[in-house]
Amino acid sequence: MAYTALYRKWRPQTFDDVSGQDHIVRTLRNQILTDHVGHAYLFCGTRGTGKTSVAKIFARAVNCEHPNNGSPCGECPSCRKIAAGNSLNVMEIDAASNNGVDDVREIRNQVQYPPSEGRYRVYIIDEVHMLSAGAFNALLKTLEEPPSYVIFILATTEVNRIPVTILSRCQRYDFHRISVQTITNRLTELCAAEKIDAEEAALRYIARVADGSMRDALSLLDQCAAFHFDEKLTYDNVLDELGAVDNSVFTRLLDELAAGDVRACLGELDRAIVQGRELTQMITDFIWYLRSVLLMKAGGPEMADMIGISTENARIVKKQADALPENVLMRYIRVLSELLGTMRLSSQKRVLAEIAMIRLTRPEMETNPDAVLERLEKLEKQMRELPQNLSALAGGLAAGGVPSPAASGNASADTPGPAGGGAAANRPKKVLLPRAEYEDLMEVRNNWRTIQGTVRQPGRAALAGTRVDPAGNGRLNIVFRDKTHYDIVSRSRGSEEGDVLRELSASVAELYQKKMEFTAEYQSDGSDQEIEYGISDEELREKIHMDVEVEDAPEDRQK
């Protein structure tokens with residue numbers, strides 16, 4: 001005997017067998033029991049939710065000789081003929097291939113004749129939205145006033161394509177997507193009947209991938225059971241067969257996206273591809289995972305039942321939900337949804353997926369409002385952490401990392417700096433400057449040779465081998481390593497013939513339109529200074545809008 005696919009073998013035969021559509025089953029059953037059967041019905045809903053199955057059950061029930069609580073008995077001659085497809089009372093028409101005016105006219109001719117046996121002639125028109133405009137118009141009058149023994153059942157997955165004139169003549173029933181738990185329970189029953197050894201986690205994953213369609217779930221179960229024939233159907237087996245990825249990968253991937261680690265994200269993607277995972281399915285599953293995190297963020301732990309995850313996974317999802325803002329999760333879902341729509345028509349799926357991962361880790365690449373909001377939140381976080389960093393910076397300032405303006409201002413150009421000795425004198429000092437002073441210093445340092453050339457001899461020769469350091473209060477200090485050269489510049493101070501320091505100030509003002517004062521200092525050891533850009537107290541007050549207090553370093557307090 002030829003093998004029968006599971007979705008055909010286990011098609012519901014009574015209303016009791018229908019899963020997930022209790023609101024429709026109850027209404028139709030009550031109509032049969034009270035003999036209030038309508039003349040036109042419209043069944044609409046996504047694929048695999050039971051529209052055609054319920055239509056066939058209803059057709060048998062209205063003609064059944066011995067109905068059982070509104071359901072067909074399945075034993076009377078009428079039930080057996082309809083089930084076998086031999087009854088002239090039930091006509092199933094595929095509107096996708098019979099969508100012309102002539103096909104509808106044939107139906108109009110047939111309804112003139114009453115049923116040869118039973119009570120009703122039932123016309124089931126599947127995919128009715130495929131009828132042409134002329135066919136719909138030809139059906140209107142018959143649909144509005146059919147003979148008392150005729151019932152029309154129209155089934156469609158795209159109710160928006162049905163003319164309003166047709167909708168107004170039918171009782172409309174919307175078939176819902178079947179829940180993951182309902183599909184899982186049904187798969188468990190069928191596995192027991194078919195003697196298929198399967199893990200609950202495997203069946204639950206199949207139910208989730210089916211996306212509310214019982215028929216798709218049965219087809220996937222059929223496929224996985226055939227591949228792993230005569231062995232237990234495990235969660236890993238299902239992932240391998242469907243080319244899917246384990247949830248632990250999505251947990252790691254989301255953490256890496258939040259950390260902005262693009263290298264780790266691309267590594268996860270590469271490993272999935274090497275393992276033979278299907279990229280489209282992987283992105284689809286990741287979107288569902290992000291949806292779980294977003295719902296957990298919005299609704300709290302009580303959303304675990306709606307999401308359909310275990311207690312252990314709920315804890316992981318809750319932890320990630322607490323760490324990520326809602327707008328970030330929404331941006332991830334938006335970018336990946338756009339990627340999914342593009343990947344279906346592209347031959348370069350991997351390249352598109354890698355580009356999307358880079359976009360997710362770098363919101364500055366986007367101009368969408370949610371990406372801008374994410375960047376603003378990062379800046380706010382940095383500003384909140386600024387007082388903590390300021391405390392560490394203040395300790396460094398008090399420890400002598402930056403010379404105080406007062407101390408620097410009191411230094412005389414006529415007094416040589418201390419020769420100094422020991423490790424402290426030889427160690428390079430690290431100096432942090434405000435942005436303006438730092439930029440001025442770097443400009444003078446980079447053009448120091450040019451500035452020296454503007455000075456008259458012997459001052460020009462004396463400036464050879466010198467360097468420029470900050471001296472505080474916007475002044476620059478020229479450090480001499482040769483005592484003779486230092487003496488030449490020092491003796492020139494106040495001289496009408498040639499004050500070297502005054503000539504330097506005039507040259508800088510002429511070349512760069514900046515007013516700078518110079519001092520001179522002799523250092524026999526020539527210790528260098530590391531100059532870096534720092535934040536001044538004024539800048540800090542402008543950025544954080546609060547008073548800045550610099551505490552003494554521990555060693556200063558001991559003194």
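At 4% relative accessibility, C191 of this predicted model counts as buried. C64 is likewise a buried residue, with a relative accessible area of 10%. The protein chain comprises 559 residues, of which 43% count as buried, and its secondary structure amounts to 28 helices and 10 strands. Among contacts with a separation of 6 or more, 74% join residues that lie 24 or more positions apart in the chain.

**Cysteines**

- The structure contains zero disulfides.
- For C64, the closest cysteine sulfur belongs to C73, at 3.4 Å. A disulfide requires the two sulfur atoms to be within 2.5 Å, so the C64 and C73 sulfurs are too far apart for a bond.
- The relative accessible area of 10% places C64 among the buried residues because that class covers values under 20%.

**The five-stranded sheet**

- Five strands make up an open sheet with parallel pairing, arranged in the order 2-3-4-1-5.
- The edges are occupied by strand 2 (90–94) and strand 5 (171–175). Each of these has a single partner strand, so one side of each is left without a neighbour in the sheet.
- On average, neighbouring strands of this sheet are turned by 15° against each other, with direction ignored.
- Within the sheet order, strand 4 stands beside strand 1. Strand 1 (residues 40–45) and strand 4 (residues 150–156) pair in the parallel sense through five bridges.
- F43 has A155 in strand 4 as its bridge partner.
- Helix 5 (residues 101–110) lies across strand 2, strand 3 (121–126) and strand 4. The angle between helix 5 and strand 3 is about 165°.

**Helix 11 and its surroundings**

- Helix 11 spans residues 235–242, and its buried residues are Y235, N237, V238, L239 and L242.
- These buried residues pack against four helices: helix 9 (200–209), helix 10 (214–227), helix 12 (247–259) and helix 14 (279–299).
- G243, which comes just after helix 11, adopts a positive phi of about 65°.

**Packing of helix 10 against helix 11**

- Two packed helices are described by the angle between their axes and by the distance between those axes.
- For helix 10 and helix 11, the axes come within 10 Å and cross at roughly 105°. Angles of 65 to 115 degrees count as roughly perpendicular, and the two helices are therefore roughly perpendicular to each other.
- Helix 10 contributes L220, Q223, C224 and F227 to the contact, while helix 11 contributes V238, E241 and L242.
- By class, this contact of helix 10 with helix 11 consists of five nonpolar residues, one polar residue and one charged residue.
- V238 and L242 are buried residues of helix 11 and also take part in the contact with helix 10.

**R80 in helix 4**

- R80 is located in helix 4, which covers residues 77–84.
- With a relative accessibility of 47%, R80 counts as partly exposed. This value falls between the limits of 20% for buried and 50% for exposed, which is why R80 belongs to neither of those classes.
- Once neighbours within four places in sequence are left aside, R80 is in contact with G74 and E75.
- R60 is 20 residues away from R80 in sequence, and the C-alpha atoms of R60 and R80 are 8.9 Å apart in space.

Technical notes: Residues are numbered from 1 along each chain as its sequence is written. This is a predicted model: local features need pLDDT of at least 70, side-chain atom pairs count only at pLDDT 80 or more; totals for chains, interfaces and linings use all residues. Side-chain values use heavy atoms; hydrogens and water are left out. Buried means under 20% relative accessible area, exposed over 50%, partly exposed in between (1.4 Å probe, protein chains only). Contact means heavy atoms within 4.5 Å. Two strands pair if DSSP finds at least two bridges between them. Axes are lines fitted to C-alpha atoms, for helices over the stretch in contact, and angles run from 0 to 180 degrees between N-to-C directions. Angles under 35 degrees count as roughly parallel, over 145 as roughly antiparallel, 65 to 115 as roughly perpendicular and the rest as oblique. Ala, Val, Leu, Ile, Met, Phe, Trp, Tyr, Cys and Pro count as nonpolar, Asp, Glu, Lys and Arg as charged, and the others, Gly among them, as polar.
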